[in-house]
Amino acid sequence: MASNAANLWVLLGLGLAGILLVTRKLKKSIREDFGAFIQKLELLPPPQPAPPKAPHPLTGLTFAVSDLFDIEGYVTGFGHPDWVRTHEAASRTSAVVLTLVEGGATCVGKTVVDELGYSISGENKHYGTPTNPVATARIPGGSCSGAAVSVAANFVDFSLGVDTVGGVRVPAAFCGVIGFRPSHGAVSHTGIIPISTSLDAVGLFAKDPSVLHRVGHVLLQLPFAAQRSPRQIVLADDCFQLLKIPVDRVAQVVIKSTEKLFGRQLLKHESVENYFNSKVPSLKEFHSQKINGKSKTSSIRLLANILQLLQRHEFQHNHGEWISLEKPVLDSTLSAQTNEICEMTDKQIEICKLIRNEMRSAINSLLKDDGILVIPTTASPPPKLGSREIFSDDYQNHLFSLLSIASISGCCQATLPLGYHEKCPVSVSFIARHGGDRFLLDTVQTMYHSLQEQVDAVAKSKPSRNVVNQEQSAEMAKEKGNQAFKEKQWQKAIGFYTEAIKLSGNNATYYSNRAAAYLELGSYLQAESDCTKAIELDKKNVKAYLRRGTAREMLGYYKEAIEDFNYALVLEPTNKRAAVSSERLRKVFQ
């Protein structure tokens, strides 16, 4: 009996020891650096200039670089040990890294990238997949997974990556940090391994928007200028319909933040599907070519197809010879893609170039110098590690459809975290025109904290599906009213705006737009009443003040009209219409 008891205690002891060993192994599986770094090093900035000169702008900041950037004395690994084996150490440091070090920042290491920088999952079987600090059971996103993780885990203040088809935007979204893809060609690529030359853009990760702003200005070598705010925020409604989480969880955060900071009159809704169909005619020509035998009609699906085709074609052009010669051991998916023959005819390449130019022109026309296009960064939360979801057609089509807009047009894009939904990070993306990098950085800094404030408010409120549908119906009625107004069908426009007001009576824009139609009909009392209601709802609605001023002038209320025009100038000092109207009335009646 005593012997049995002793054996039982031995078994219990072994069981407890086993549990402790497993627990320790699990703890060790998340490495101290979360598997982000492939090489620790230190590049120190130059000494500070003597007073009265200003200190270096990036003084006190640390950063890491993806293992795509050359650093003198180190082999640039490109996410694969065979690349390291077959290449020499860099003889000089990448121009962009030198710029940041000379600007006062300290480089502390190189970070893991996907094999040959190609994938966007963040998984690397050779060096290990970096652990996503905010969702440890889920992929970190790639290709620049280590750079995103190094920022998310607070190892550095910012990091560098290369965004080809989402290499910065996706890991930023999945790891809950800010990601910035500058305009194509805005940052030097000297000393960086190319992936797909026409798509590659040096990108940034940061947690703090002020750090992003500081580093972005040094990276882009921007001179000092006054900070600008957006004058239109365009929500791509059809892109938001791709989301696998409730649409309002993202869209309403942006809407509420915009209303609070600038007023609802800045908000606009657009179907980019329809817009690109009308503004990018070469997409139809691409469709007629039926590349790879696939027939697709959706413009953003076509863009996704073009994006993947260009990436594969240019990657093979850059690295196909090395792969054929060295025969590296590659992930099965990457191997299949790189081995697939991707011959493009001169005609097809020319069409892709036309599409890129037309896309850039279309977005520049839509946004001008002061507009932001708002889209989801990704359609889905980060998939679980080892999941087959990332290989499904649905996942890839939705993801690349969203990523293709900035990649193909070359426009700049910022990815902003918006808290969590069911324990997974949520994000949104802002796109500005090509060359609008400073404006985009300004907008991120202006809106970031307001967006974070709205995250909790929107997460707590649960509008019924009926309310959401009513708001969408109201927007559709407003757009019909706008079209009727353009066609000078004033009474028809009033009918549509009235329908929008019945569906959603707290929208200042609907009242202000109806007032514009009333003015065209000479119905000045109705116009004044609608403008007054619009101003009650949104005290920053410049158009409502201008239209009420016009109505009051026609009604003979000259003093009140002058006050409206003057207040419009307070809100928008450069508004010529308000200045001219106010001055004209002042000369006559004061």
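Let's start in a loop: Pro52 sits between strand E1 (37–43) and strand E2 (62–66). This is a predicted model, and in it the peptide bond that leads from Pro51 into Pro52 is cis, with omega near 10°. Find that spot in the structure above and you have a good place to begin the tour.

A cis bond also links Gly142 to Ser143, where omega is about 15°. Ser143 belongs to the loop that runs between strand E3 (106–111) and helix H4 (145–152). Stay in that loop for a moment, since Leu116 is also found between E3 and H4. Leu116 is not a glycine, yet its phi is positive, at about 55°. Is Leu116 buried or exposed? The cut-off for buried is under 20% relative accessible area; Leu116 has 0%, so it is buried.

Now compare Lys327, another residue other than glycine with a positive phi, here near 50°. Look for Lys327 in the loop between helix H11 (299–326) and helix H12 (332–339). Exposed means over 50% relative accessible area, and Lys327, at 63%, therefore counts as exposed.

From that loop, step back onto H11 and see how it meets helix H13 (residues 346–367). The axes of H11 and H13 come within 12 Å and cross at roughly 125°. Which word describes H11 relative to H13? With that angle, H11 is oblique to H13. The crossing in which H11 passes H13 is left-handed. On the H11 side, the contact is made by Leu303, Ile306, Leu310 and His313, while H13 brings Ile349, Cys352, Ile355 and Met359. Sorted by character, the residues of this contact are seven nonpolar, one polar and no charged.

A second helix pair waits further along the chain. Here helix H21 (residues 558–571) and helix H22 (residues 576–589) have axes that come within 9 Å and cross at roughly 150°. Angles over 145 degrees count as roughly antiparallel, so H21 and H22 are roughly antiparallel to each other. H21 passes H22 in a left-handed crossing. Which residues of H21 and H22 make the contact? H21 supplies Tyr558, Ala561, Ile562, Phe565, Asn566, Ala568 and Leu569, and these meet Ala578, Ala579, Ser581, Ser582, Leu585, Arg586 and Phe589 of H22. In this contact of H21 with H22, 10 residues are nonpolar, three are polar and one is charged.

Finally, let's turn to the nonpolar cores. How many residues does the largest nonpolar core have? It has 89, and the residues with the most contacts inside it are Phe63, Phe69, Phe158, Leu160 and Phe430. Helix H15 (residues 437–460) gives the most to this core, contributing nine residues. A second core, separate from this one, has 48 residues, including Phe276, Leu302, Ala304 and Leu403.

To see one core residue up close, pick out Phe430. Leaving aside residues up to four places away in sequence, Phe430 touches Val254, Ile372, Leu373 and Val374, along with Cys412, Gln413, Ala414 and Leu416. Its list of contacts also includes Leu440, Thr443, Met447 and Leu451. Following those partners one by one in the viewer is a friendly way to end the tour.

Definitions and conventions. Residues are numbered from 1 along each chain as its sequence is written. This is a predicted model: local features need pLDDT of at least 70, side-chain atom pairs count only at pLDDT 80 or more; totals for chains, interfaces and linings use all residues. Side-chain values use heavy atoms; hydrogens and water are left out. A nonpolar core is a set of buried Ala, Val, Leu, Ile, Met, Phe, Trp, Tyr and Cys residues joined through side-chain atoms within 4.5 Å. Buried means under 20% relative accessible area, exposed over 50%, partly exposed in between (1.4 Å probe, protein chains only). Helices (H or I, at least four residues) and strands (E, at least two) are DSSP runs, numbered from the N terminus. Contact means heavy atoms within 4.5 Å. Axes are lines fitted to C-alpha atoms, for helices over the stretch in contact, and angles run from 0 to 180 degrees between N-to-C directions. Angles under 35 degrees count as roughly parallel, over 145 as roughly antiparallel, 65 to 115 as roughly perpendicular and the rest as oblique. A crossing is left-handed if the near helix is turned anticlockwise from the far one by less than a right angle, and right-handed if clockwise. Ala, Val, Leu, Ile, Met, Phe, Trp, Tyr, Cys and Pro count as nonpolar, Asp, Glu, Lys and Arg as charged, and the others, Gly among them, as polar.
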